[in-house]
Amino acid sequence: YWTPSHWPRPRLLSGEELPPAAIDALGTMLAFSTADDPYVGLDDVRRACDGRSLGAFVWALFETWDRAGAPTKGDWAFHALTLLGDDETARQLGALVEPWSKEGRYGRALTALRILAALDTDEALACVRSLSEKAKSRPLRGEARKRLDENAERRGVSTEQLADLLDQDFGLD
């Protein structure tokens with residue numbers, strides 16, 4: 001499933017696309033990184049590249065892995081979303097969590113929820129918050145609430161304060 005020539009290429013801040021050799025090196029970095037222990041070179045990649053292009057690249061990696069049957073040995077492609085995902089990644093992933101839960105792929109839904117929480121952007125946490133309030137599955141709602149509590153604590157605010165920060169429409173429908 002590693003077919004980066006078919007995916008959107010990451011771009012440097014200057015606008016230039018990363019060359020194929022750099023993309024292969026990026027794949028290697030992602031393959032042996034975890035959310036808890038990312039390869040230090042990924043910080044350099046994030047600083048040098050446009051975040052949107054990295055998000056599009058890592059989403060294409062995830063989709064290709066998923067279409068290949070989501071082999072367990074390659075689950076790094078799923079976890080790579082944590083390392084290079086952006087707000088668009090969060091929106092796309094957030095939209096899949098509940099359907100996966102309903103399809104009996106609860107483990108995958110929980111992994112996606114952990115990825116969203118680890119992204120720790122307002123957009124990603126808004127997805128988690130929505131799941132904590134609206135998911136049909138009670139265990140999924142509970143796990144989403146737990147993740148919100150952890151992120152609030154990490155940010156040094158209460159869960160209610162975090163919810164207020166994430167309230168995009170300020171309570172106005």
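**Loops, helix packing and the nonpolar core**

Ala70 is found in the loop between α3 and α4 of this predicted model. Most residues other than glycine have a negative phi. Ala70, however, has a positive phi of about 50° although it is not a glycine. With a relative accessible area of 16%, Ala70 is buried, because burial is assigned to values under 20%. A positive phi is also found at Asp120, where the angle is near 55° in a residue other than glycine. Asp120 belongs to the loop between α6 and α7. The relative accessibility of Asp120 is 24%, so this residue counts as partly exposed.

The helices on either side of Asp120 pack against each other. Two packed helices are described by the angle between their axes and the distance between the axes. For helix α6 (residues 106–119) and α7, the angle is about 135° and the axes are 7 Å apart. The two helices are therefore oblique to each other, and the crossing of α6 and α7 is left-handed. On the α6 side, the contact is formed by Leu113, Leu116, Ala117 and Leu119; these residues meet Ala124, Leu125, Cys127, Val128 and Leu131 in α7. The residues of this contact comprise nine nonpolar, no polar and no charged.

Helix α7 (residues 122–134) also packs with helix α5 (residues 87–102), the axes coming within 8 Å and crossing at roughly 20°. That angle makes α5 roughly parallel to α7, since angles under 35 degrees count as roughly parallel. The crossing in which α5 passes α7 is right-handed. From α5, the residues Asp87, Ala90, Arg91, Gly94, Val97 and Glu98 take part, and they meet Glu123, Ala124, Cys127, Leu131 and Lys134 of α7. The contact of α5 with α7 is made up of five nonpolar, one polar and five charged residues. Ala124, Cys127 and Leu131 of α7 thus appear in the contact with α5 and in the contact with α6.

Ser101 is also placed in helix α5. Its relative accessible area is 14%, and Ser101 is therefore buried. When residues up to four places away in sequence are not counted, Ser101 touches Tyr106, Ala109, Ser137 and Leu140. Of these partners, Tyr106 and Ala109 fall within the range of helix α6, residues 106–119, while Leu140 falls within that of helix α8, residues 138–155.

Further along the chain, helix α8 (residues 138–155) packs with helix α9 (residues 159–166) at an angle of about 90°, and their axes are 8 Å apart. At this angle α8 is roughly perpendicular to α9. Leu148, Asp149, Asn151, Ala152 and Arg155 in α8 make contact with Thr159, Leu162 and Leu166 in α9. The contact of α8 with α9 contains four nonpolar, two polar and two charged residues.

The largest nonpolar core of the model has 48 residues. Within this core, the residues with the most contacts are Leu26, Leu30, Leu61, Phe78, Leu81, Leu93 and Leu116. Helix α3 (residues 51–67) supplies the largest share of the core, eight residues. Leu116 is also one of the α6 residues that meet α7. For Leu30, leaving out residues up to four places away in sequence, the residues touched are Leu42, Phe57, Leu61, Trp76, Ala80, Leu83 and Leu84.

Leu84, a partner of Leu30, lies in helix α4 (residues 76–84). A relative accessibility of 4% means that Leu84 counts as buried. Beyond residues up to four places away in sequence, Leu84 touches Leu26, Leu30, Arg46, Leu54, Gly55 and Val58. Leu84 and Trp100 are 16 residues apart in sequence, and their C-alpha atoms are 22 Å apart in space.

A further pair, Ala48 and Leu12, is 36 residues apart along the chain, and the C-alpha atoms of these two residues are separated by 5.6 Å. Ala48 has its place in helix α2 (residues 41–48). Ala48 counts as partly exposed, because its relative accessibility is 32%. Apart from neighbours within four places in sequence, Ala48 is in contact with Arg11, Leu12 and Leu13.

Definitions and conventions:
Residues numbered from 1 in each chain as written. Predicted model: local features only at pLDDT ≥ 70, side-chain atom pairs only at ≥ 80, totals over all residues. Heavy atoms only, no water. Axes fitted to C-alpha atoms, helices over the stretch in contact; angles between N-to-C directions. Helix = DSSP H or I, 4+ residues; strand = E, 2+ residues; numbered from the N terminus. Parallel < 35°, antiparallel > 145°, perpendicular 65-115°, else oblique. Left-handed = near helix turned anticlockwise from the far one by under 90°. Contact = heavy atoms within 4.5 Å. Nonpolar A, V, L, I, M, F, W, Y, C, P; charged D, E, K, R; others polar. Core = buried A, V, L, I, M, F, W, Y, C linked by side-chain atoms within 4.5 Å. Buried < 20%, exposed > 50% of the residue type's maximum accessible area, 1.4 Å probe, protein only.
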